[in-house]
Each structure stands twice: as structure tokens, then as C-alpha cells.
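Trainee: I want to test the labels on this model against their cut-offs. Can we go through them one by one?
Mentor: Yes. Ask, and I will set each value against its definition.

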Amino acid sequence: MKYVDEFRRQDLAKKVSRAIHNEVDRGRRYNLMEFCGGHTHAIFRYGVQDLMPDNVRFVHGPGCPVCVLPVGRIDNAIQLAQQHDVILCTYGDMLRVPGSGRKSLLKIKAEGADVRMVYSTQDALKIARDNPGREVVFFAIGFETTTPPTAVAIRQAQAEGLKNFSVFCNHVLTPAAIQNILESPEVREIGSVLIDGFFGPSHVSSVIGSQPYEFFAEEFQRPVVIAGFEPLDVMQSALMLIRQLNEGRHDVENEYTRVVSRDGNRKAKALVAEVFELRRSFEWRGLGLVPYSALRIKSAYAGFDTEKRFDVPAIQASDVKGCECPSILRGVKKPTDCKLFGTVCTPENPMGSCMVSSEGACAAYWTYGRFRDQATAREASA
Amino acid sequence: MSVKAKRFPQRLNIRSGTIDMTHGSGGRAMAQLIEELFVTHFDNDLLRQANDQAAFDVPAGRLVMSTDGHVISPLFFPGGDIGSLSVHGTLNDVAMAGARPLYLSSGFILEEGFPLADLERIVISMAAAAKRAGVPVVTGDTKVVERGKGDGVFITTTGVGIVPKGVNISGDRARPGDAILVSGSIGDHGVAIMSSRENLTFETTIESDSAALHKLVASMVEAVPDIHCLRDPTRGGLATTLNELALQSGVGMQLTEDAIPVRPAVSAACELLGLDPLYIANEGKLICICAPADAQRLLAVMRADPLGAEAAIIGEVIEDAHGFVRMQTGFGGSRVVDWLTGEQLPRIC
Amino acid sequence: MCLAIPAQVVEIDDVSDSGTVALGPVRKRISLALVDDVSVGDFVLIHVGYALNKISPEEAERTLALFGEAELVEELAAAPGGGAT
Ligand code: SF4
């Protein structure tokens, strides 16, 4: 596969690995946060950590839209499917995420609710067309990458005059979340968590461009390198971050130039701006209320807004007691710091969202990284 | 028996008829269905005796018995259908003990309204699979459930077979140092099924690998009677099956990603859907664990069989108190290969 | 987050703003509503059934060359004289 295989080549990985080993300053640590779950996944799946020097540490961030969705919104979706007899369509990722009382969309589907997995918003539109007598709700989640396809679907529904289609919008914005992490006291306080640099999102940036990160690099004096999702991209970006840190720079650099430009995808951005507007604030699991961090559907498209068509109450639901997802999502704790990890909470029986999505930090640790625990524990106690 | 023609004045309307409740009621309609469809196609002496059971002599040795229920959507998929699958699946379960399968039975649960034409297609395919395998379906059962209470057709098959003397294959016999072999490319069946599911439409030339492996097993057992473990990596894929074996034997495993055969179309489809080929189902592959000294000989025997042409040694059994299956990645790092959790759902992130 | 994968456009249907992409031997129908000026033969990034962006072959080459270059730096550093030119 072109543009995939060559970015996974072992011979090149060895080269970049040697370069990193040569260039790191043995006397310091490099704490590099990958905001995106895609990077987390690549790091674990390909075993990238093995190719890095010991003093380069990956800190897993909140970049998985499934993990950051608050329990209350999942409860809303469950209510919609159960009480309003709608056909609830959503991406496969959402089906197993537990809401309150350990219910999930998959469980209520088993109980008879009409929940359908779709691969694309186009599938959801088709379901609406095929079922004119039923209300079809698309439970929309995702960052800037996944928002434009939702915008297209809403515009298409309007153009076609689809009367039974609406979107339960949970689209959130990446820059607001990064800013929130950088501003949180734990991260600012010297001595607790240090994040020395950031891997910038790949596909989010392909839509919004590299420009939005310029503010953080400047304001928080941290280097940002926009990194592709293949393992070589991650390693090369780590090298670029290490170089910046060694030189005392904090610029926005772009490793993923084959897709990301400074301005991003103008057409997609214009479509999103046409259909959506900012919410004043939105709850993120782990981060709490984050100002201007999510989108809602503009009133011109109110007919396609589930929150206008149905009663969707604000639900205050709390996470399972003992679940450290909030701290993990901010990079303050590691999955192994959670008492429930691997005992009560496993991917078969997830307690928190970090264990559900295969990109969640807990699931990734459990699935791919557990055998490192002994080594890590030894290192920590040393 | 010239009475037969008089018993059923009209032949079954296979072209446009459907299953109704009478086909499971024990009455004349059921007898006709059995005679004109099942007996006609499965055709063998034992079945023709029309008893509620089949009686046969068995050769000396250890008898193996295995049963498998088959539910699949869609019923017809590239490279097979529920009929051939239900024969292969059970034959393989019997064969994984190193046994030579002797006879099969089949139980059909049909949903009211199921087209007879589809049923005939399934029965013909099943009969052909049994014939190719040389293992007859000698007894069976049919039930009909009301519309909405089944998914068209469910088939349960049971198989019996005989294990040759001196063969002792079991999931708890993997020992550190043993070699791990796989008989060919992984993930073909699961991807073929997904490609034909309505809401995931993508086009590929991949066909299910559904096949009966007992002849391959027979030549393997003949070459190396002391094979330690055999198992077919069906649901949960290669990863889950290796974890089962590691747990059963109390050992760990070390795999080499680059050695595991995966077809380009399977990797491409998995990339597209965010899935991992290691967790995708197979229906015509086996995993073999044997002493290191036997590995090359077995590999040669496997490769000589068309069903094992792409066989490969993919790793070794190691000592590990945690029972982890680890893998050296093609990229040069290492990772754990865990059990499958939940269902493999296509993901966006 | 945001699983997306490069694939080559093999067919374009202007009327429905959609097309078919090939990912190795696999083909899939996708929407082209989010990208401009796509031609058959272009590589695009696919996410949830939509082409999100075009992939620049020149930039991909340049990035790949960087991976090789990393070693060049290393070789220079390892050479006697610290790679001074
Ligand atoms: S291990 Fe489970 S309970 Fe603990 S933080 Fe992770 S998701 Fe929450």
C-alpha cells in the first residue's frame, strides 16, 4: 500500500532510532505528549518505545473523542434510543462505551433498542431515506476530522428535504483541549508533570492546518511537531522535538507535510462554519467544562438538530469511583496508577472510557504494553 | 418402494416455495422435505434407511466427537455458504485431535418463510462438501421456528472420528522451545464475510478460506505422530487461539510479525476498517505446535498440500509465568498480542 | 484518533460528488464532497467514507528522504574529524 508501507519500514526505523540515540542529551528527560490516540495506538502497536532511548517518555493525551465524551451524553443517546423509539446510528467506536449503570448502546441494542452501526454519515442518510416512517438520529462524535462529514450530511439532508433525520452533535475542538491541558495547574506546576513538547494531531491538522498551534508554541513555550500516524512519522517527529528542545526552540514544525498545510482544508472548514457554531462551553471527560471547546448546529439548520427536536436534558453523571480516567486524560497519571486497572477494569468489562476505545490509554496499555510493566515499575522505584 | 410417489402427490415447489410450520411438524410435509431435499442430496446408505439414528461399526482406537452450531450473516458469501461452512467447521474440529473423521450429523433450524430455493442451495453445497471430504451426513433433524424467531437458517453439525494409535494432540502440550506453525494466510474468511455485509460495502477479490483440513492433518500426523497441539483459529483469530493454547499449556509465546502470512487484500481491508488481521476469523487454517526438531519436516509436509501451500513457522513457545503472547513487530519493536475483546467492530478512531 | 488511510482515486462521479478509491486490491466508494480538484490517479486520505485531503507525492518523497538523512547526520558525526567540512 503506497504511503503506508514505506512509512513502516524497519530499515528506516533503525536509521531514525540511531539518529535519536545520537542526538539526545543523556543528562535530561524528554516528556513528549502525543495528544492523539492515533499516535498512542501506533506507539504501542509497532513497539516504538523499544526503539527510543530510555530518557524519552511518551505521555498519552486525551486525543480520543470516545474517551473524552462525558457519561451524561452517552446517557442522552441511550435515552433517545430507548424512550423516543428512534433509530440511533453511530460509529462502531461508541457502541461499547459504558454510560451510567454500566449500560451501553450495545447492551440496550440487545434489549431491543434500534441501534445501528454506520461506517459513514452517508450510511445514516440512507437509513433515513429507507425508513421514512421512523426518526433517525445520528449520534455524532469526533474531532475536527470527523466534523466535516457530519456537515455534509446535514446539508445533504436539507437539500433532499429529509424530514426524519437529525444529528445529536458532540463534535469537539482540539486546540481548546490542548490549551486546557497546558493551563491546568498540575501541568504548570513545576515538579509534578512536565510536558516538554507535543506531537500535533495528524488528521485533525489536515483539516484545521498547522496555524492554530502557533499560539500554544508561543504562549506556553513548548515545541509542537505535527506528526503523521505511521510509526516512522512518530519517530521522526520525536527527533524533531528533541532537536528543538536541545536548541531551546519552541516552534511549530510539520513532519506530516504530505497531508497537512498551514491553512488546512479550506473547503471543509467553510462547510463546518456554515453548519456549526461554537458552544460556550462543553464538558470533557477528564478535563471538565472547557470553554468554547465544542460545536452545535446553527439555528438555520435547527430542523436537523436532535437537541432541538427532542428533549435532551443535561445529565450530570459521574464516573465510576476510583476510575482515574480524568487524571490519565490530562497525562498526570498512568493507567497502572489506577487501582482498578487490570483487576476490576479490563477491556471485557470497562469501568472508564480509557479502557473502551482501543486508542484509550488504559486499553492500549492493557492490550499492548502490559509486559513492560515490570520493567517500568523497577525503573520508577529506582 | 413404489409407494413413495403416491405419498407426495406433488413435488416440493423448490423454485418459489417457502418453509412453513408444517415442515417441522412431524407430518407428511416434513417427511417430504426430508426425502426430496435432504435424503436426495446427502444420499448415502445409512441415511436411506430412514431411521431416527444411524448405526455403524467403528474401527478400534480412540473415538473423537465434536459439535458446532453455525449461525452466519450473510448465509452466502464469497468462497462459501453456511452449508459448506457447517461441514468444514465440524470436520476441522474433529481433525484437530489428529483424528480421521468418519461420519457427520446435521440439525437444521429453519425460520418460517425461508425460501426453499435457498435451502436447496445450502443443502447441495453441504452435500458437495461432505462428498469432497469423503465423510457422509448419516443422520439429521429439522425444526421450524416462527418468522422472526430465527435468522433464516441455523445448522448444527456433529462429527465423529478415530484417532490413530500413538497420536496425543492436546492444547496443554505446548512446551518452551516448541515451534509454532500456521498453515497459510490469516484473516481471509472474516474479511470475505465483512465485504459482503450490507453496511460495510467494499469490493475485494478475497474469498473465504473455508475448507476441510482433515486430509492435511492426516499427512501431518503420518509424518510426525508426536504433534503437540493443533487448533483451527476460527473466531477471535490467530491471536485469540494462541492465547488459549498459552493459557492451557502454562507457557508464553514469541511471534515474528513478518513471518505471519497475510494477503494484501486482507491487510488493506483491515487498514480501512481499523481492524487487526490477527483477530480476524479463519475457517480453513490450522495452528500447529511441535518439537523444534520436527518443525521443518512438518513444514515440508504442509507445503506439499494445497491447503498448506503457504504454511510458515511464525514463532516459538517460551517460558512465561504471565502466559503472554508477544510479537516482534515488522517495525522492529515488540508488543503483546492479547485476547480479542468484545466483537471486532470497525472503528473511526 | 481519526483513523484515516491513503487510497488512490480510480473513478469519479461528478454528479453525486463521489468516487471509488483503491487501497491495494480493495475498492471502496467514498464521498468527494470535502475536496476540490481531485483527478483519477490522485491519492487521497480516507476518513469515515470521505476523502479528507489530497496527499502530496512530492512532500511524501521529501519526508521519506528525511528518514535517510537522519543517518547521514549520524555518519557525518561518526566520521573522523566530527564531520567538519
Ligand atoms: S483502568 Fe479503568 S477504571 Fe482505571 S482509569 Fe483506566 S478506564 Fe478508568
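Trainee: What area is buried between domain 1 of chain A and domain 2 of chain A?
Mentor: About 2600 Å². Carbon and sulfur atoms give 61% of that area. The model is predicted.

Trainee: Which residues of domain 1 of chain A lose the most area to domain 2 of chain A?
Mentor: A:Phe44, A:Cys67 and A:Arg96. Together they make up 21% of what that side buries.

Trainee: What are the bounds of the two domains of chain A, and how far apart are their C-alpha centres?
Mentor: Domain 1 of chain A covers 1–320 and domain 2 covers 325–381. Their C-alpha centres lie 19 Å apart.

Trainee: How many residues of each domain of chain A are in contact?
Mentor: 33 residues of domain 1 of chain A and 27 residues of domain 2 of chain A. Contact here means heavy atoms within 4.5 Å.

Trainee: A:Phe44 is also in helix α2 of chain A. What makes α2(A) largely enclosed by the rest of the structure?
Mentor: Count its buried residues. 10 of the 10 residues of α2(A) are buried, so the helix is largely enclosed by the rest of the structure. Among them are A:Gly37, A:Thr40, A:Ile43 and A:Tyr46.

Trainee: Why is A:His39 called buried?
Mentor: The cut-off is under 20% relative accessible area. A:His39 has 0%, so it is buried. This residue is found in α2(A), which spans residues 37–46.

Trainee: Which residues does A:His39 touch, leaving out those up to four places away in sequence?
Mentor: The list includes A:Glu34, A:Phe199, A:Pro201, A:Ala227, A:Phe229 and A:Val234.

Trainee: And why is A:Arg45 called buried?
Mentor: Its relative accessible area is 15%. The label needs a value under 20%, so A:Arg45 qualifies. A:Arg45 also belongs to α2(A).

Trainee: What does A:Arg45 touch, again leaving out residues up to four places away?
Mentor: In chain A, A:Tyr368. In chain B, B:Leu275, B:Asp276, B:Pro277, B:Thr329 and B:Arg335.

Trainee: What follows α2(A)?
Mentor: A:Gly47. Its phi is positive, near 70 degrees.

Trainee: Now the cysteines. How many disulfides does the structure hold over all chains?
Mentor: Zero.

Trainee: How do you know that B:Cys288 is in no disulfide?
Mentor: Look at the sulfur distance. The nearest cysteine sulfur is that of B:Cys290, 4.8 Å away. A disulfide needs two cysteine sulfur atoms within 2.5 Å, so B:Cys288 is in none.

Trainee: Is B:Cys288 buried or exposed?
Mentor: Buried, with a relative accessible area of 0%. A:Cys354 is buried too, at 1%.

Trainee: On to the domains of chain B. Where are their bounds?
Mentor: Domain 1 of chain B runs over 3–163 and domain 2 over 179–336. The contact takes 20 residues from domain 1 and 22 residues from domain 2.

Trainee: What area is buried between these two domains of chain B?
Mentor: About 1600 Å², with 59% from carbon and sulfur atoms. In domain 1 of chain B, B:Pro78, B:Asn92 and B:Met96 lose the most area, together 34% of what that side buries. The C-alpha centres of the two domains lie 29 Å apart.

Trainee: How do you know that β4(B) and β5(B) are paired?
Mentor: Eight bridges join β4(B), residues 100–111, to β5(B), residues 137–145. Pairing needs at least two bridges, so these strands pair. They run parallel. B:Ser105 stands opposite B:Thr139 in β5(B).

Trainee: Which elements make the right-handed β-α-β unit?
Mentor: β4(B), helix α5 of chain B (residues 116–133) and β5(B).

Trainee: Last, chain C. What pattern does chain C follow along the sequence?
Mentor: β-β-β-β-β-α. That is one helix and five strands. Of its 85 residues, 49% count as buried.

Trainee: Why does C:Ser56 count as buried?
Mentor: Its relative accessibility is 18%. The limit is under 20%, so C:Ser56 counts as buried. C:Ser56 lies in the loop between β5 (50–54) and α1 (57–78) of chain C. The C-alpha atoms of C:Ser56 and C:Phe43 are separated by 7.8 Å, with their positions 13 residues apart along the chain.

Conventions
Residues are numbered from 1 along each chain as its sequence is written. Chains are lettered from A and ligands numbered from 1 in the order in which they are written. This is a predicted model: local features need pLDDT of at least 70, side-chain atom pairs count only at pLDDT 80 or more; totals for chains, interfaces and linings use all residues. Side-chain values use heavy atoms; hydrogens and water are left out. Helices (H or I, at least four residues) and strands (E, at least two) are DSSP runs, numbered from the N terminus. A crossover is right-handed if, with the strands pointing away from the viewer, the path from the first strand over the helix to the second runs clockwise. Buried means under 20% relative accessible area, exposed over 50%, partly exposed in between (1.4 Å probe, protein chains only). Domain bounds come from an automatic or database domain assignment. Buried area is the accessible area (1.4 Å probe) that two parts lose on being put together, summed over both.
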